[in-house]
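Trainee: Got a minute? I've got a structure open and would like to walk through it with you.
Mentor: Sure, put it up and ask away.

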Amino acid sequence: MSYPGYPPTGYPPFPGYPPAGQESSFPAPGQYPYPSGFPPVGGGAYPPVPSGGYPGAGGYPASGGYPAPGGYPGAPQPGGAPSYPGVPPGQGYGAPPSSASFSGYPQPPSQTYGGGPAQVPLPGGFPGGQIPSQYPGGQAPYPSQPAAMTQGTQGTIRPAANFDAMRDAEILRKAMKGFGTDEQAIVDIVASRSNDQRQKIKAAFKTMYGKDLIKDLKSELSGNMEELILSLFMPPTYYDAWSLRNAMQGAGTQERVLIEILCTRTNQEIRDIVRCYQSEFGRDLEKDIRSDTSGHFERLLVSMCQGNRDENQSVNHQMAQEDAQRLYQAGEGRLGTDESCFNMILATRSFPQLKATMEAYSRMSNRDLLSSVGREFSGYVESGLKTILQCALNRPAFFAERLYYSMKGAGTDDSTLVRIVVSRSEIDLVQIKQMFTQMYQKTLGTMIASDTSGDYRKLLLAIVGQ
């Protein structure tokens, strides 16, 4: 992923892209025709990843691991133990619905993540979320999450109080009846109901009018607005499964979508996605991945779809030390790369354990594991491995960055924008917004407002909570 603050030395038209010749072979934006049927889901237009580097003054210097704990600006201290306090990922995105029955996607069991707000920490590190103005290049580097703020994460959408599915169904019916459509009425309802409540509205609509709400909405809406509304009405597990199916259908594969979903979800979420993919599309997710990808990237994704990562939250420092040593010897410490060693460690260790391994690695080698991965790998496998490490450091920052690049430069990658806003809206969108402001010195809302228009913009901003 290219990071903010990359030094501007004659890059291609979009700032922040890697120098010519270093691009990892990503397909050009818009190269793949979208399958017909459902609206397209994000793909080709992701920014390439510069090899080796994170933000700040031109990426982290090779000597010295992460920046000093006291604040991102200062120069990294070579060899110093980077004290990145912990994100407990994995835990706390909680269990998605346990039922595998999504036919025609009916009500999933209620999606309370982890019995309340999930436990991934608030980003920040700056009191009151203010951004210090002294970042080099005006950009915050890839931040880690302070331990003191691990109180959990929140979505921007909460279940509505005094919810009445039949009343909502009636309002939606009126909004679509007769000449023209009252989009504002649709926006008001959809943005202020939880996913579980939307499933109940869908069921009430069919009971009351003998019609399918989704079909009615499709006939009234088009373009990005249609994709956004339909995504909001899919149960979360179905939405992930549908996005994966869509990314592999038709000519070409949207590898970025596969990485974004498979490398960031919890074990329970992944197992539910695999089951739903089978029950809804009658296909085996692992088989589809095997036939659509190859090489080390294929192996990484197959590892991810097992949903078998260790989720024990306690860290074994001895193991972190040994893993760091093995990763160094598998990459920087030899000619060539032993890819299977990277795959084994990054696919099996818990996220807190990987975080400790990254710290041990930078103490031991005076290098940063993320930039070592950038030097040892290229293409999609590099992106996948970096995504896992970024989630270990700070999951909301990973999504904030994906959102930024979906809107940066000419044109907007609407599918990615919709997918992340919708899929994180009840999990950690509050933290993603905070990280976004911290990393890019502008709010997610202002960027969405300047990149979108009409009812589509209204609904996105209502979900983001501007």
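Trainee: Let's start with a helix pair. Which residues in α15 meet which residues in α16?
Mentor: This is a predicted model, so keep that in mind throughout. On the α15 side you have R395, F399, R402, L403, S406 and M407, and they meet T416, L417, R419, I420, V421 and R424 in α16. By class, that contact has 6 nonpolar, 2 polar and 4 charged residues.

Trainee: OK, and at what angle do the axes of those two cross?
Mentor: Roughly 150°, with the axes of α15 (residues 379-407) and α16 (residues 414-424) coming within 9 Å. Anything over 145 degrees counts as roughly antiparallel, so that label fits α15 and α16. The crossing of α15 past α16 is left-handed.

Trainee: Switching to α7. How many of its residues are buried?
Mentor: 8 of the 8, for residues 255-262, so α7 is largely enclosed by the rest of the structure. The buried set is E255, R256, V257, L258, I259, E260, I261 and L262.

Trainee: Which helices do those buried residues pack against?
Mentor: The buried residues of α7 pack against α6, α8, α9, α10, α15 and α16. So you meet your opening pair again there.

Trainee: Take α6 from that list. How far apart are the axes of α6 and α7?
Mentor: They are 8 Å apart, and the helices pack at an angle of about 155°. That makes α6 roughly antiparallel to α7. α6 also passes α7 in a left-handed crossing.

Trainee: And which residues make that contact?
Mentor: D240, S243, L244, A247 and M248 come from α6, while V257, L258, I261 and L262 come from α7. They divide into 7 nonpolar, 1 polar and 1 charged.

Trainee: I also clicked on I289. Is that one buried or exposed?
Mentor: I289 is buried, at a relative accessible area of 0%. I289 lies in helix α9.

Trainee: What is I289 in contact with, leaving aside neighbours within four places in sequence?
Mentor: M248, L262, L301, V302 and C305. You've met two of those names already: M248 of α6 and L262 of α7 are both part of the α6 contact with α7.

Trainee: Let's zoom out. How many helices and strands are in the chain?
Mentor: There are 19 helices and 0 strands. Buried residues make up 57% of the 466 residues. Counting contacts with a separation of 6 or more, 77% are between residues 24 or more positions apart.

Trainee: Then the core. Which residues have the most contacts inside the largest nonpolar core?
Mentor: L228, I229, L285, L459 and I463, in a core of 103 residues. α15 gives the most to this core, with 16 residues. In soluble globular proteins, nonpolar side chains tend to be buried together.

Trainee: Pick I229. What does it touch outside its neighbours within four places in sequence?
Mentor: I229 is in contact with I186, V190, L217, L221 and L459.

Trainee: L459 again! Which residues are buried in its helix, α19?
Mentor: L459 is one of them, along with Y456, L460, L461, I463 and V464. The buried residues of α19 pack against α2, α5, α16, α17 and α18.

Trainee: Last one: what follows α19?
Mentor: G465, whose phi is positive, near 85°.

Notes:
Residues are numbered from 1 along each chain as its sequence is written. This is a predicted model: local features need pLDDT of at least 70, side-chain atom pairs count only at pLDDT 80 or more; totals for chains, interfaces and linings use all residues. Side-chain values use heavy atoms; hydrogens and water are left out. Axes are lines fitted to C-alpha atoms, for helices over the stretch in contact, and angles run from 0 to 180 degrees between N-to-C directions. Helices (H or I, at least four residues) and strands (E, at least two) are DSSP runs, numbered from the N terminus. Angles under 35 degrees count as roughly parallel, over 145 as roughly antiparallel, 65 to 115 as roughly perpendicular and the rest as oblique. A crossing is left-handed if the near helix is turned anticlockwise from the far one by less than a right angle, and right-handed if clockwise. Contact means heavy atoms within 4.5 Å. Ala, Val, Leu, Ile, Met, Phe, Trp, Tyr, Cys and Pro count as nonpolar, Asp, Glu, Lys and Arg as charged, and the others, Gly among them, as polar. Buried means under 20% relative accessible area, exposed over 50%, partly exposed in between (1.4 Å probe, protein chains only). A nonpolar core is a set of buried Ala, Val, Leu, Ile, Met, Phe, Trp, Tyr and Cys residues joined through side-chain atoms within 4.5 Å.
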